[in-house]
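This briefing is intended for a reader meeting the structure for the first time. Please keep the sequence and the model in view while reading.

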Amino acid sequence: MSEAYEEILYGEARLRPPPGRRHEEICRRLHERVAASMTGLTVARLLPPRTMVTLGLETQVRPDLALVTVATNKLFLIAEVVSSEDHNPDTVIKKAIYEENNLPRLWMVDPRYDNVEVYHGGQFGLTLKEILAVRDTLSEPLLPAFQYVMTDLFKM
């Protein structure tokens with residue numbers, strides 16, 4: 001199990017509890033699959049899990065997975081693996097922060113329901129594009145080699 005970590009959300013320091021075993025396993029699997037799909041890809045860079053990302057003067061987040069574009073070093077995709085004990089910061093507060101910062105892609109990976117909500121950023125903020133579960137496949141056009149069937153991601 002990992003250690004507790006701090007994020008600063010709208011100027012308020014929040015100590016996040018250590019992620020559980022299942023959370024960490026899903027995070028590890030997702031990182032491995034994304035990293036493997038990026039072989040030879042030069043347009044984006046995968047940050048290590050929970051790398052501190054500054055989004056304004058009063059906000060520093062530690063997403064479970066983050067991709068930045070190489071050309072601008074701006075966030076392109078964030079994945080948050082939701083913790084059942086501490087879901088509000090991810091599903092409400094950080095989601096609002098990502099929307100305010102015009103994040104192009106957000107994956108809310110929810111082990112409570114074994115599903116992934118896929119959001120696309122646009123002119124009017126983040127829009128839910130699909131909810132993937134069971135045998136659905138998570139994919140991303142920026143990562144042509146990336147595909148992940150939900151049953152494989154959430155298996156224990």
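The notes below cover a helix, a cavity and two individual residues in turn.

The model is predicted. Helix α2 spans residues 88–100, and its buried residues are covered by parts of the chain that include several strands. One cavity of 30 Å³ or more is counted. Two residues are then described singly: N115, which is buried, and D136, which is partly exposed.

**Helix α2**

- Helix α2 consists of 13 residues, numbered 88–100.
- From the first C-alpha of α2 to the last, the reach is 17 Å, close to the 18 Å expected at 1.5 Å a residue.
- A bend of about 35 degrees occurs in α2 at K94, and K94 is also one of the buried residues of this helix.
- The other buried residues of α2 are P89, D90, I93, I97 and Y98.
- The cover over these buried residues includes β1 (5–9), β2 (12–16) and β5 (60–61).
- Also included in that cover are β7 (75–81), β8 (105–110) and β10 (125–133).
- Just after α2, N102 adopts a positive phi of about 55 degrees.

**The cavity**

- The count of cavities of 30 Å³ or more comes to one.
- The largest cavity holds about 30 Å³ of space.
- Its lining is formed by Y5, R16, P17, P19, S83 and D86.
- By class, this lining comprises three nonpolar residues, one polar residue and two charged residues.

**Residue N115**

- N115 belongs to strand β9, which covers residues 115–122.
- Is N115 buried or exposed? N115 is buried because its relative accessible area is 14%, below the 20% limit for that class.
- Residues up to four places away in sequence aside, N115 touches M108, V109 and D110.
- On the same basis, N115 also touches I131, L132, A133 and F154.

**Residue D136**

- D136 sits in the loop between β10 and β11 (137–140).
- D136 is classed as partly exposed because its relative accessible area is 34%, which falls between the limits of 20% and 50%.
- With neighbours within four places in sequence left aside, D136 is in contact with I131, Y148, V149 and M150.
- D136 and T151 are 15 residues apart along the chain, and their C-alpha atoms are separated by 8.2 Å.

How values were computed
Residues numbered from 1 in each chain as written. Predicted model: local features only at pLDDT ≥ 70, side-chain atom pairs only at ≥ 80, totals over all residues. Heavy atoms only, no water. 1 Å grid on protein atoms, 1.4 Å probe; cavity = no way out; pocket = protein on both sides within 12 Å on 5 of 7 lines; lining within 4 Å. Points joined across faces, edges and corners; volume = space filled by probe spheres on them. Nonpolar A, V, L, I, M, F, W, Y, C, P; charged D, E, K, R; others polar. Helix = DSSP H or I, 4+ residues; strand = E, 2+ residues; numbered from the N terminus. Expected span 1.5 Å × (residues − 1). Bend = angle between axes of the 7 residues up to and from the residue. Buried < 20%, exposed > 50% of the residue type's maximum accessible area, 1.4 Å probe, protein only. Contact = heavy atoms within 4.5 Å.
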